[in-house]
Amino acid sequence: MRDVLVVTGGSRGIGAAVTRAAHARGYAVGAGYASDDAAADRLRAELPGVVAVRADVADPASVTALFDATEAAFGPVTALVNNAGVTGRLGAFTDAPVATLRRVLDVNVLGTMLCAQEALRRWADRGTPGRIVNVSSRAATLGSPGEYVHYAASKAAVETFTRGLAKEVAAQGIRVNCVAPGTIHTDIHAAAGDPARPERVAARVPMGRAGEPEEIAAAVLWLLSAEASYVTGAVLQAGGGI
Ligand code: NAP
């Protein structure tokens, strides 16, 4: 049976790299995105057969719609990558508006949980041995002082959620893992107010450079694959040594 994968934030950056890599490996992919219809159109043109769905992960009805649209196109979902994430503007924590704090927690934490619930409820009904990979950040461990400690805290929640959920559903044959990227070349840094951030932080990275989205996608695809059949509750660090 064909693997059917939902990737949140699958239209740009790391998520788009996951979409491409999964598509190349024969997965049917439903890629969610928040609002950038032009990027979704580019993905559809590049990868005919991939379904791109506008779906805010922080909204439960949108999450259900994302899974429904993917299943209408391809059949039962068998895997989920919780990749959608936002940082808010770079800066001191005391300056972060409450709307930013709320949105970062809503998208990164609640969104990850809502999508996991949606997948797990479907898998429980069907006895599907599904796999979930959450995308955290090395910020979860490093804390990101002066940049976005609220974002770092949200990613620590994603890692703890991964560990607990993995244990809770292991007996059902479901694996839950996490990839924690270091700084990766995507548009997220421009959105945070510093497009040159990857170059600025490269000196702090033991490998001396920022990473590429494809390097994170490869780790995600490995955790989804049967090669990782005895791996669950893991947080795989992909940060060039940081
Ligand atoms: P990105 O280039 O900004 O792309 C973000 C993607 O997520 C886009 O497809 C965006 O949709 C989507 N998205 C944003 N908010 C959403 C929402 N509420 N509901 C559904 N989709 C939403 O980001 P990225 O750098 O690839 O980051 C992907 C993940 O990796 C995030 O969880 C991020 O925290 C994590 N990460 C990134 C880095 C890094 O250095 N880049 C490092 C560590 C961890 P639109 O196109 O519609 O906006």
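These legends walk through a few close-up views of a predicted model.

The model is predicted, with local features needing pLDDT of at least 70 and side-chain atom pairs counting only at pLDDT 80 or more, while totals for chains, interfaces and linings use all residues. Residues are numbered from 1 along each chain as its sequence is written, and side-chain values use heavy atoms, with hydrogens and water left out.

**View 1. The ligand and its shell.** Here 31 residues surround the ligand, each with a heavy atom within 4 Å of it. The closest are Arg12, Ser35, Asn83, Tyr151 and Thr186. Sorted by class, that shell holds 13 nonpolar, twelve polar and six charged residues (Ala, Val, Leu, Ile, Met, Phe, Trp, Tyr, Cys and Pro count as nonpolar, Asp, Glu, Lys and Arg as charged, and the others, Gly among them, as polar).

**View 2. Oxygen atoms of the ligand up close.** Polar contacts here are pairs of N or O atoms within 3.5 Å. A ligand oxygen sits 2.6 Å from a polar backbone atom of serine 35. For arginine 12, it's a side-chain N or O atom that lies 2.7 Å from an oxygen of the ligand. Glycine 9 joins in through a polar backbone atom, 3.4 Å from a ligand oxygen.

**View 3. Helices around the ligand.** Helix H1 (13-24), helix H4 (98-126), helix H6 (149-169) and helix H7 (188-191) each give at least two residues to the shell. Helices are DSSP runs of H or I, at least four residues long, and strands are E runs of at least two, numbered from the N terminus.

**View 4. Arginine 2.** Look for arginine 2 in the segment before strand S1 (4-7). Skipping neighbours within four places in sequence, arginine 2 touches Gly26, Tyr27 and Ala28 (contact means heavy atoms within 4.5 Å). Its C-alpha atom is 9.5 Å from that of valine 77, 75 residues apart along the chain.

Terms used. A polar contact is a pair of N or O atoms within 3.5 Å; within protein, one must be able to donate a hydrogen and the other to accept it, and residues adjacent in sequence count only if both atoms are side-chain atoms.
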